[in-house]
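Welcome to a short tour for anyone meeting this structure for the first time. Please keep the sequence and the 3D view at hand as you read.

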Amino acid sequence: MSESSRPCKNCHKRTIAKDEETWNLVCKSCGIVQDFDNYDPQIGGITGAVGTYVRHGSAGSGSVYNYKESKDYHAKILIDDLMSQLGLSNKSSDVRGMLYEITEGEFGQGRWFEVCIGACAYVLMRKDSKPISIVKVAEIVKCDIYELGRMVYRAVDFLDIKLPEFDIVNSFEHYIKEAPIFSGVEEDIKGRMLKQGVFLVQCLVKWYVTTGRRPLPVVAAVLVFAAQLNQVDLTIEDVAEELQVAVVTCKLRYKELLERLVKVARGLPWGEDVTVKNIMKHAPFVIQYMELKSMSKNSDKRKSFNDVGVDLDYLIDDFLSNGNVVDIKSDLQYFQMDPSLSIEIPNRFQISQECLAMIYTKIKNQVSVLESANSRYSKERETKSTYDWWQGESEMSKKLLVKQILEKDVGLSTTPPSFDRGCSANERRKAKIKAAKCRIHKTMYPSDAGSIDKIEQCPVEHVNGGKKRRRKMKVDVDWEDFIIETLLLHQVEEEEIEKGYYKALLDLHVFNY
């Protein structure tokens, strides 16, 4: 050790020496290691040799990140993180390329850049026809769907990309295969639900239920209906939560599905008894009828069951096997006397009512004997009556183009709901125009008021006031009636008013008169 004139911090003796191995100062008298005093400054500049000590902000052999490099580095980390949360880690490079083109190589920082990443991920998956929900992307990016939708529109416009239409069938298949709520369902039931659901989804496309609507509530409605059809315990609230859509909207689409199935059921002999409340009881027969109808190539709008291919023997057998009691004579009289039905029983059977009644009784007795004699057959019979009505042979059970779907006949042809509402609104405006012309005529020609026909009189309502019932006539008018009166007084054509563009007509004929 080499001596030092520095006093010890403990004993204050000048017996301090430097250790040649560690270069620490140690007191020879008390053995206390003194304060650190072996600092070796690194001289040579920022590009000099790197020794034991690491300089702050350096990377590699002396290079330092500038602002752009740091921004690009953090942008890469953010892209990888968000794509990993979306389950699209293999698409990170593609999204990074889209962002590079959008930002012209500058990338970015802040909330807007996260939304832009989500928009690019959504656009990329839509291009690949992969089922991804914009609600899911918005939840991960932590923004509302409207903000994300605006960013998607800007990204598509800048990149000049034409997104394909949302594939509702592909989305249905994805959720029924991958959704956790169907994890406990048997594979054969799930496969049957898949075919039935695809059939119903494409029927809803044909019935314009998906036109102008968000597709996921329609998917949720079909999922619930297919689950109930196959005795799978599932509520519409569970499906709405899984698909991240509003429960109210799902219930509206579910109601529309039931209403259209009820309309299809009108083609069955007992169709008048089918309502929205009991449609699930008749759903197997209704869907079998739709399936066989879609496979029929007969273009005649009024087809008999024989033309369509409905197995009346199976329907009778299944009906009787469920323990239903029917009045044979009354039913036969119903089938033959009702002219609205297109079932041609005499042409098919060529037998009398008594013989047909014997056939009914014979079938019923055979079923009861077989069920009591063989429990295994009874179980198989029950399974058949529950499930085997579904054949799955129709092309509508497979994914078709929209043109092919519209060419199929499933027992019901409807117009879009928006068209129906437009026609209803047009009729309502016609009635208002008629009432407004009546009021104008009564005001301009009071003496002729009594000669006006009662049908053309203004609509009135009766108001009951107090405990005593007294009738008070009150003209039922609102802002729309006043606008129509104003337009009529300015000689606007009734055909223009019926279209309902009041603001444009007021600007054109009233304020610029």
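Trp 479 has a relative accessible area of 56%, which is over the 50% cut-off, so Trp 479 counts as exposed. Please keep in mind that the model is predicted. Trp 479 has an aromatic partner, Tyr 502: the ring centres are 6.3 Å apart and the planes meet at 85°, an edge-to-face arrangement. Trp 479 belongs to helix α20 (residues 479-489) and Tyr 502 to helix α22 (residues 502-510), so the pair ties together parts that are 23 residues apart in sequence. The partner is placed otherwise: Tyr 502 has 9% relative accessibility and counts as buried.

**Other ring pairs**

How many aromatic pairs are there by this rule? The count comes to five. Another of them joins Trp 270 and Phe 285, with ring centres 5.7 Å apart and planes at 85°, so this pair is edge-to-face. It links distant parts of the chain, 15 residues apart: Trp 270 sits in the loop between α10 (247-265) and α11 (279-295), while Phe 285 is in helix α11. Trp 270 is partly exposed at 28% relative accessibility, whereas Phe 285, at 18%, is buried. Elsewhere, ring pairs connect Tyr 100, Phe 107, Trp 112 and Phe 113 into a cluster.

Here are the two edge-to-face pairs described above, side by side.

| Pair | Distance between centres | Angle between planes |
|---|---|---|
| Trp 479 and Tyr 502 | 6.3 Å | 85° |
| Trp 270 and Phe 285 | 5.7 Å | 85° |

**The protein as a whole**

Stepping back, the protein has 22 helices and seven strands. Of its 513 residues, 37% count as buried. Among contacts with a separation of 6 or more, 58% are between residues 24 or more positions apart.

One helix to look at is α19 (residues 417-444). With 28 residues at 1.5 Å a residue, α19 should span 40 Å, and its end C-alpha atoms are 41 Å apart, which agrees. Which residues of α19 are buried? They are Pro 417, Ala 425, Arg 429, Lys 432, Ile 433, Ala 435, Ala 436, Cys 438, Arg 439 and Ile 440. As general background, an α-helix has 3.6 residues a turn, so residues three or four places apart point the same way.

**Cavities and a pocket**

Now for the empty spaces. By this rule there are three cavities of 30 Å³ or more, and the largest cavity has a volume of about 90 Å³. Its lining is made up of Arg 126, Ser 129, Lys 130, Pro 131, Ile 132, Pro 164, Glu 165, Phe 166, Asp 167 and Asn 170. By character, the lining residues of the largest cavity divide into four nonpolar, two polar and four charged.

The second largest pocket holds about 430 Å³ of space. It is lined by 17 residues, and the closest to its centre are Glu 165, Phe 166, Asp 167, Ile 168 and Val 402. Helices α6 (168-178), α7 (187-206) and α18 (402-407) each supply at least two residues of the lining of this pocket. The lining of the second largest pocket divides into 10 nonpolar, three polar and four charged residues. Glu 165, Phe 166 and Asp 167 are also among the residues that line the largest cavity.

**Three residues in loops**

Ser 129, one of the residues lining the largest cavity, is found in the loop between α3 (111-127) and α4 (134-141). Its phi is near 55°, a positive value in a residue other than glycine. Ser 129 is partly exposed, at 40% relative accessibility.

Tyr 208 also has a positive phi, about 65°, although it is not a glycine. Where is Tyr 208 found? Its place is the loop between α7 and α8 (215-229). Tyr 208 has a relative accessible area of 26% and is partly exposed.

Finally, Ile 161 lies in the loop between α5 (145-159) and α6. Is Ile 161 buried or exposed? Its relative accessible area is 19%, and buried means under 20%, so Ile 161 is buried. Leaving aside residues up to four places away in sequence, Ile 161 touches Val 123, Lys 127 and Val 156. Lys 127 is 34 residues from Ile 161 in sequence, and their C-alpha atoms are 8.8 Å apart in space.

Definitions and conventions
Residues are numbered from 1 along each chain as its sequence is written. This is a predicted model: local features need pLDDT of at least 70, side-chain atom pairs count only at pLDDT 80 or more; totals for chains, interfaces and linings use all residues. Side-chain values use heavy atoms; hydrogens and water are left out. On a 1 Å grid over the protein atoms alone, a cavity is a set of points where a 1.4 Å probe fits but cannot get out, and a pocket is an open set with protein on both sides within 12 Å along at least five of seven lines; lining residues have an atom within 4 Å of a point. Grid points are joined across faces, edges and corners, and a volume is the space filled by probe spheres set on the points. Ala, Val, Leu, Ile, Met, Phe, Trp, Tyr, Cys and Pro count as nonpolar, Asp, Glu, Lys and Arg as charged, and the others, Gly among them, as polar. Helices (H or I, at least four residues) and strands (E, at least two) are DSSP runs, numbered from the N terminus. The expected span of a helix is 1.5 Å times one less than its number of residues. Buried means under 20% relative accessible area, exposed over 50%, partly exposed in between (1.4 Å probe, protein chains only). Rings of Phe, Tyr and Trp (its six-membered ring) pair if their centres lie within 6.5 Å; planes under 30 degrees apart count as stacked, over 60 as edge-to-face and the rest as tilted. Contact means heavy atoms within 4.5 Å.
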